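Hi,

Here is the structure I promised to pass on. Have a look at it first, and my notes follow underneath.

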Amino acid sequence: MTLKQKYDFLIQYFAEHNPDAASELEFRNSFELIVAVVLSAQCTDKRVNIVTKGLFAQFPTPEAMAKAEVSEIQELIKSVSYPNNKAKHLSGLAKMLVSDFNGQVPDTMEELTRLPGVGRKTANVILAIVYDQPAMAVDTHVFRVANRIGLVKNATTPFEVEKQLTAHFPNDIIPKAHHWLILHGRYVCHSRKPDCENCGIKEACDYYKKNR
């Protein structure tokens with residue numbers, strides 16, 4: 001199977017079996033999404049969804065969060081990983097949204113990565129989900145799945161994986177492909193013990209062919 005055939009196979013499979021793939025984070029607008037993604041670093045979406053209910057009830061807008069004390073934010077997010085750092089990031093992020101962006105979440109990589117706590121991966125999530133841009137956020141699941149299947153070659157960094165995936169997936173597919181790979185990694189292609197027997201794309205997978 002050539003690389004193009006591999007991508008075509010994946011697109012066809014996921015378009016049929018998971019056509020409505022989307023983020024498992026709960027949000028109602030771009031501000032809620034960027035906050036949730038910052039909180040999700042090294043933390044489960046399930047935990048983040050529990051925490052954001054209370055957080056957004058208290059601070060529903062960038063303006064409200066910008067006025068909060070860091071300690072108030074920290075108290076509401078204390079059950080996520082690294083709450084001290086994340087509380088500082090969210091405070092700074094909200095203040096910058098108000099002061100520099102009129103309370104709106106920006107739509108470019110350059111502007112997004114100016115925000116405290118927002119790196120390339122988080123920015124790509126916003127660009128893909130909110131602005132439907134051909135942006136591929138590479139988290140641990142995407143990194144693992146792309147390498148295991150053989151969608152990327154000699155890609156040792158998230159940025160290398162991102163570049164190769166965006167070069168081979170059609171632009172209009174990229175935002176959804178991001179969710180396909182994350183969800184496949186989360187529920188099938190597990191880190192320690194991938195569930196190859198129940199994997200619908202194993203015939204296109206380098207890892208399966210080597211280990212069967």
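**How H2 and H6 pack**

Helices H2 and H6 run roughly antiparallel to each other. Keep in mind that this is a predicted model. The angle between H2 (residues 30-39) and H6 (residues 83-101) is about 155°, and an angle over 145° counts as roughly antiparallel. Their axes lie 10 Å apart, and the crossing of H2 past H6 is right-handed.

Which residues make the contact? From H2 come Phe31, Ile34, Val35, Val38 and Leu39, while H6 brings in Lys86, His89, Leu90, Leu93 and Leu97. Sorted by class, that gives eight nonpolar residues, one polar and one charged.

**The chain as a whole**

Now for the wider picture. You'll find 12 helices and zero strands in the protein chain, so reading from the N terminus the elements simply go α-α-α-α-α-α-α-α-α-α-α-α.

How compact is the protein chain for its 212 residues? Its radius of gyration is 18 Å and the globule rule gives 17 Å, which is close, so the chain is as compact as a globular protein of that length. Along the principal axes, the C-alpha atoms fill a box of roughly 55 × 30 × 30 Å.

Two more numbers on the chain: 48% of the 212 residues count as buried. And if you take the contacts with a separation of 6 or more, 59% of them are between residues 24 or more positions apart.

Cheers

Key
Residues numbered from 1 in each chain as written. Predicted model: local features only at pLDDT ≥ 70, side-chain atom pairs only at ≥ 80, totals over all residues. Heavy atoms only, no water. Axes fitted to C-alpha atoms, helices over the stretch in contact; angles between N-to-C directions. Helix = DSSP H or I, 4+ residues; strand = E, 2+ residues; numbered from the N terminus. Parallel < 35°, antiparallel > 145°, perpendicular 65-115°, else oblique. Left-handed = near helix turned anticlockwise from the far one by under 90°. Contact = heavy atoms within 4.5 Å. Nonpolar A, V, L, I, M, F, W, Y, C, P; charged D, E, K, R; others polar. Rg over C-alpha atoms; globule rule 2.2 N^0.38 Å. Buried < 20%, exposed > 50% of the residue type's maximum accessible area, 1.4 Å probe, protein only.
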